[in-house]
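Me: Please take a close look at the open and enclosed spaces inside this model, and at the residues packed around them. I would like one connected account, with the cut-offs behind each term.

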Amino acid sequence: MTADHLESRRQEIVRAALRCFAREGFHATSVRDVVRESGLSAGAVYSYFPSKAELVAGAVEPILEALIGVLDAVVTDTDESLEEDRTPAETVAEVLRRIYPIAVGGELDYTRIAVTAWAEGLRDPAVRAIAEQTYGTVRGRLTHRVARWRDAGHLAADVDAEALGQVLFSTLVGFVLQHALLGDVDLDRYATALCLLLPRS
């Protein structure tokens, strides 16, 4: 088999797993469920993912990597010129605007999968480790935005950049949680309100 064929088969299994996770959650989904959903043999699935833990990690990592990719793109855009910098709150709002079509515009609602992944991270150390690394990176990027904005004189010199980065991160995951559980949060209104948290001076 070619490398392309192997990767295509792997992605087929991951998509089947994500469909199961979206319906039943991580804990309630078994490898047998994924085998049934994929239409492949158990041997084929286990040859790519020898354990459920590896299957969960294989499904979660690309989602979190996509978040990092969007955030990096936004930060790169705003790093080009400090005078045209987005505020830290505007950075989060732009991340939401860019990632929302990816999260809900396809076959699956990834906000629902994200919430189930958070719950799984409370009981599965492997999932927790992935989340800690990725979300730590996101918070670090946001802290960097706050520090740049503060150092440019747009915030008080004694602003705690790390703490404010944590607050801004909570607005990102808060949108995901509200969208998945309540379903009534409007992206444009949320992003507009978010930008009011740290208005331009």
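Reply: What follows goes from the pockets to the cavity, and then to the core and two threonines. This is a predicted model, in which local features need pLDDT of at least 70 and side-chain atom pairs count only at pLDDT 80 or more, while totals for chains, interfaces and linings use all residues. Residues are numbered from 1 along each chain as its sequence is written, and side-chain values use heavy atoms, with hydrogens and water left out.

The spaces were found on a 1 Å grid over the protein atoms alone: a pocket is an open set of points with protein on both sides within 12 Å along at least five of seven lines, a cavity is a set where a 1.4 Å probe fits but cannot get out, and lining residues have an atom within 4 Å of a point. Grid points are joined across faces, edges and corners, and a volume is the space filled by probe spheres set on the points.

The largest pocket has a volume of about 530 Å³. Its lining comprises 29 residues, of which I63, L64, I99, Y110 and A114 are the closest to the pocket centre. Two or more lining residues come from each of α1 (3–24), α4 (52–79), α5 (88–104), α6 (110–121), α7 (125–151) and α8 (161–181), where helices are DSSP runs (H or I, at least four residues) numbered from the N terminus. By class, this lining holds 26 nonpolar, 2 polar and 1 charged residues, with Ala, Val, Leu, Ile, Met, Phe, Trp, Tyr, Cys and Pro counted as nonpolar, Asp, Glu, Lys and Arg as charged, and the others, Gly among them, as polar.

The second largest pocket, at about 260 Å³, takes two or more lining residues from each of α6, α7 and α8, and the largest share, 6 residues, comes from α7. Its lining includes W118, R128, E132, R139 and F169, and divides into 7 nonpolar, 2 polar and 3 charged residues.

Across the whole structure, a search finds 1 cavity of 30 Å³ or more, and about 30 Å³ of space lies in the largest cavity. L67, L71, V92, V95, V138, L142 and L172 line this cavity, with α4, α5 and α7 each giving two or more of them; the lining has 7 nonpolar residues and no polar or charged ones.

One of these lining residues, V138, leads on to the core. V138 and L96 touch the most other members of the largest nonpolar core, which has 60 residues, and α4 gives the most to this core, with 12 residues. Such a core is a set of buried Ala, Val, Leu, Ile, Met, Phe, Trp, Tyr and Cys residues joined through side-chain atoms within 4.5 Å. Not counting residues up to four places away in sequence, V138 touches L67, I68, L71, F169 and L172, where contact means heavy atoms within 4.5 Å.

Two threonines complete the picture. T91, in helix α5, counts as buried because its relative accessibility is 0%, buried meaning under 20% relative accessible area, exposed over 50%, and partly exposed in between (1.4 Å probe, protein chains only). Beyond four places in sequence, T91 is in contact with L71, V74, R86, L142 and R145. T111, in helix α6, is also counted as buried, because its relative accessibility is 5%. Leaving aside neighbours within four places in sequence, T111 is in contact with A103, V104, V176, H179 and A180. A polar contact of 2.5 Å joins the side chains of T111 and D109, the term denoting a pair of N or O atoms within 3.5 Å, of which, within protein, one must be able to donate a hydrogen and the other to accept it, and residues adjacent in sequence count only if both atoms are side-chain atoms.
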